[in-house]
Protein chains: 2
Amino acid sequence: MIDDDPTVTNPDNYTILWENEFVRVLDYVDVPGTQTVPHRHPNTVMVTLTDFSRRLRSDRAAVDTQMTAGTAVWLPAQSHWGENTGLTPTHVILVELKRGGAGDESPTSLGPETNHRSSAA
Amino acid sequence: MIDDDPTVTNPDNYTILWENEFVRVLDYVDVPGTQTVPHRHPNTVMVTLTDFSRRLRSDRAAVDTQMTAGTAVWLPAQSHWGENTGLTPTHVILVELKRGGAGDESPTSLGPETNHRSSAA
């Protein structure tokens, strides 16, 4: 639903940088303590431009995620809301996949896939 | 061809961070003066972790590209080689699209699509 689009639910934090037929690229910024409201992501590659400490919640679970700047992770299609639980602002770029790449939301997906978490050297 | 894969042609610069059925994510690093040899990219979203000054060449053209850190651009499928023409090391993350998203190489594509170039605020 359009109402689940994070650029609609949290326009102060999510900005569309550009999009084409294959991807939509978002910029996300916040400050410590910022909380988002429920929204949905398609399959997404998230690239951290800053360190990132975040508690993500869904209707059924919560997960704490810490990443360093310069990391790329796979965020499988999911609905969630989150909070910056760190001491510094967050800045990330999200590459949302479209078409066949967008994926189907799994109710059990929450946060990035840890087996894909990898710090850039 | 496997021989056109930048992780094969320039293994000191390109590293596979991870991949799944939809994307392959590469880390690229170099220093001023580094030159790559010809290689091929599928459709790719490139995210700059540092400022980026680069001369890209193909058999028929050359283009100079400057980007600031925290920028995301669309690199349409293309073969090229490049040189760090800046005064600082380069560090970028490349999100390569697979399957229907990989695209067909156009011989006239060289460098990022400038209409998609957008600096993160």
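This report describes the fold of chain A and its contact with chain B in a predicted model.

## Overall fold of chain A

Chain A contains one helix and 10 strands. Read along the sequence, the helix comes before the strands, in the pattern α-β-β-β-β-β-β-β-β-β-β.

The C-alpha trace of chain A spans about 35 × 35 × 30 Å along its principal axes. A compact globule of 121 residues would have a radius of gyration near 14 Å, and the 13 Å of chain A therefore agrees with such a globule. Of these 121 residues, 40% count as buried. Among contacts in chain A with a separation of 6 or more, 76% are between residues 24 or more positions apart.

## Strand β5 and its partners

Strand β5 of chain A covers residues 52–57, and its side chains alternate between two faces. A:F52, A:R54 and A:L56 point to one face and are buried. A:S53, A:R55 and A:R57 point to the other face and are not buried.

β5(A) pairs with strand β6 (residues 62–67) of chain A in the antiparallel sense, over six bridges. The two strands form a hairpin, with four residues between them. Within this pairing, A:R57 of β5(A) has A:A62 of β6(A) as its bridge partner.

β5(A) also runs antiparallel to strand β8 (residues 78–84) of chain A, to which four bridges join it. Here the bridge partner of A:L56 is A:G82 in β8(A). A:L56, which is one of the buried residues of β5(A), thus has its bridge partner in β8(A).

## The contact between chains A and B

Each chain brings 26 residues to the contact between chain A and chain B. On the side of chain A, the elements that give two or more residues are β1 (14–19), β2 (23–30), β4 (44–48), β7 (71–75) and β9 (90–97). The largest share, four residues, comes from β9(A). By type, the residues of chain A that touch chain B divide into 15 nonpolar, nine polar and two charged.

## Symmetry of the two chains

How is chain A laid on chain B? A turn of 180° with a shift of 0.0 Å along the axis does so, with an RMSD of 0.0 Å. This is the relation of a two-fold axis. In chain A, the C-alpha nearest the axis belongs to A:L49, at 3.3 Å from it. The same surface serves both copies, as 100% of the contact residues of chain A recur in chain B.

Conventions. Residues numbered from 1 in each chain as written. Chains lettered and ligands numbered in written order. Predicted model: local features only at pLDDT ≥ 70, side-chain atom pairs only at ≥ 80, totals over all residues. Rg over C-alpha atoms; globule rule 2.2 N^0.38 Å. Buried ≥ 20, exposed ≤ 12 C-beta atoms within 10 Å, placed from the backbone. Contact = placed C-beta atoms within 7 Å. Nonpolar A, V, L, I, M, F, W, Y, C, P; charged D, E, K, R; others polar. Least-squares fit on C-alpha atoms with pLDDT ≥ 70 in both. Pairing = 2+ DSSP bridges.
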